[in-house]
Amino acid sequence: MTTIENILKRLLRIFLYSLIYILFLTFLHHFNIISQTVCDYLRFIGFILILFFNSNNMSRKMSKNYALNGLFLGLSLLFIFLISNLLLGGGFTTRTILYYLLLLGVSVLSSCRGKSKKSH
C-alpha cells in the first residue's frame, strides 16, 4: 500500500473517531452532565490524543520514513482545517495558529515515537 493511501485511511479514521467523540461530548453537555468549559477542554485534549494514537499506529505499520509520514499526516490535516476555517469565515488568531502547530508537532513526534519503540 502506498503512503498516500495510508495517510488517507488515517485521516478518515481520525475524522470518524473525532466525530464519535464530539457527539459523545455534545450528548454529555446537552444533558448538563459537564459544563461548557470542561467540554471545550475535553474536545481539545481528546482530538490531540486521537491524533497521537493514530499517528503512532500508522508509523508502526509503515516500513520507513516515520517522521516524514507523520509530517504528511499533520500537514494534510492542517490543510483541511485551514480550508474549512477560511470557508467558514473564521479568523486567524494566535490561539488557532498555536493549535495548528501543536497538531503538527503531535503528529510528527508520535510517529517518531512509534519508530523508536519498534526498534527496541
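Begin by selecting S111, which in this predicted model counts as buried because its relative accessibility is 0%, where buried means under 20% relative accessible area. S111 is found in helix 4, so as defined here it belongs to a DSSP run. Now show the residues around S111: leaving aside its neighbours within four places in sequence, S111 is in contact with S55, S59, Y66, A67 and G70.

Stay in helix 4 for the next stop and select I97, whose place is also in that helix. Is I97 buried, partly exposed or exposed? With a relative accessibility of 43%, I97 counts as partly exposed, whereas S111, at 0%, counts as buried.

Keep I97 selected and add F79, I80, L82, I83, L86, L87, L88, F92, L98 and L101, which together with I97 make a nonpolar surface patch of about 1,100 Å². If you colour the helices separately, you can ask which of them supply at least two residues each to the nonpolar patch. They are helix 3, which covers residues 66-87, and helix 4, which covers residues 94-119. The largest share of the patch, six residues, comes from helix 3.

Next, turn to charged side chains, and select D40 and R43. Side chains of opposite charge can pair when their charged atoms come close. Here the side chains of D40 and R43 meet in a salt bridge, with a distance of 3.8 Å from N to O, and a search of the whole structure finds one salt bridge. Where do these two residues lie along their helix? D40 and R43 are both in helix 2, residues 36-61, and because they are three residues apart there, about one helical turn separates them. As for their surroundings, D40 counts as partly exposed because its relative accessibility is 38%, and R43 is likewise partly exposed, with a relative accessible area of 27%.

For the last stop, select the cysteines C39 and C112, and compare how much of each is covered. C39 is buried, with a relative accessible area of 0%, while C112 counts as partly exposed because its relative accessibility is 30%. How many disulfides does the structure contain, when a disulfide is taken as a pair of cysteine sulfur atoms within 2.5 Å? By this rule the count comes to zero.

Definitions and conventions:
Residues numbered from 1 in each chain as written. Predicted model: local features only at pLDDT ≥ 70, side-chain atom pairs only at ≥ 80, totals over all residues. Heavy atoms only, no water. Patch = residues over 30% accessible without salt bridge, like charges linked within 9 Å, V, L, I, M, F, W, Y side chains within 5 Å. Areas by Shrake-Rupley, 256 points an atom, 1.4 Å probe, with all protein chains shown as cover. Salt bridge = Lys/Arg side-chain N within 4 Å of Asp/Glu carboxyl O. Helix = DSSP H or I, 4+ residues; strand = E, 2+ residues; numbered from the N terminus. Buried < 20%, exposed > 50% of the residue type's maximum accessible area, 1.4 Å probe, protein only. Contact = heavy atoms within 4.5 Å. Disulfide = S-S within 2.5 Å.
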